Amino acid sequence: MTHRLLRVFLPALFVLTLLAQKNGVNLSWNKPIDPYRIAGNVYYVGTNFLASYLFVTPEGSILLNSDYEESVPLVRASVEKLGFRFRDIKYLLSSQAHNDHSAGNFLVKELTGARVLVMTGDDDIIANGGKGDFRFDGEYSWKPCKVDRILHDGDTVALGGTNLVAHHTPGHGHTKGCTTWTTVVQDGGKKLNVVIVGGTGINPGVKLLNNPRYGSIVEDYVRTWGILRSLPCDIFLGAHGNYFGMDDKLAHFKAGEKPNPFIDPQGYRDFIDSSEQAYLKQLSTEKHATH
Ligand SMILES: [Zn+2]
């Protein structure tokens, strides 16, 4: 490349990079990994850091999390690599209405015609492409996606013998409609309870006390800890691989370890405990700061 071209190209690249960061897209979270079957009819079709799950039934599939718009071609390639058709996706669900889980919704809907089902509290954020989010409004946005059905705590999404239950687990630094999904799979002659945690971390800059954008955040958190503790869990999954130690478990899984390393009820309980500890620590820090 000539110096003249570099002079034009490098600043343009710099601006593009800034724009990408400004819009909250972290491309280091968007690297392809091989898809795999976790258990029963549940498959991992996400990226290295953004978890997407495919539930395959005789009547079509359900996709949980489209991830970034930039992730959709990777998710699609993963679905096809497993031997399934992307256009067979009938329902598109979300863990949280943040761009790293839901910005690709409009594109998945466009490519598959899937019905988009979203928990109350997140529905308007997805329908407005990020506008109205109590933490990230004005920092980044994405293409809006029509919401076909608003879900409420305990609602079931049923397709071809698979039932996915939506648990409203809001309050954490993620979103007001954050959703933990559960289902039961048959695997090796056993019934296993699957829990896919929506998220529990408190994003930087989120205040628990005197939060004018989210007055009920503490009550919501308390409710969320109760709901998470009430869910029976054999297979522990989440909206990001690091919630459930995916990289490590996957290495054991690929080595053929039995029982299935994704069966981890203790890991699930530990995750709730450590998440609640972090929440209590911040709450205490804020309380002391105001006195
Ligand atoms: Zn996320």
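Visitor: Which residue takes a positive phi in the hairpin of β8 and β9?

Guide: In that hairpin, which has two residues between the strands, Gly160 takes a positive phi near 50 degrees. This is a predicted model, in which local features need pLDDT of at least 70, side-chain atom pairs count only at pLDDT 80 or more, and totals for chains, interfaces and linings use all residues. Residues are numbered from 1 along each chain as its sequence is written, while side-chain values use heavy atoms and leave out hydrogens and water.

Visitor: How do you know that β8 and β9 pair?

Guide: Strands are DSSP runs of E with at least two residues, and helices are runs of H or I with at least four, numbered from the N terminus. Two strands pair if DSSP finds at least two bridges between them; four bridges join β8 (residues 156-159) to β9 (residues 162-168), so the definition is met. The two strands run antiparallel, and Thr156 has Val165 of β9 as its bridge partner.

Visitor: Why is one side of β8 and of β12 left without a neighbour in the sheet?

Guide: The open sheet has five strands with mixed pairing, in the order β8-β9-β10-β11-β12. Because β8 and β12 (235-238) stand at its edges, each has a single partner strand.

Visitor: What makes α6 roughly antiparallel to α8?

Guide: Angles, from 0 to 180 degrees, are taken between N-to-C directions of lines fitted to C-alpha atoms, for helices over the stretch in contact. Under 35 degrees counts as roughly parallel, over 145 as roughly antiparallel, 65 to 115 as roughly perpendicular and the rest as oblique. The axes of α6 (residues 217-230) and α8 (residues 265-289) come within 10 Å and cross at roughly 165 degrees, which makes α6 roughly antiparallel to α8.
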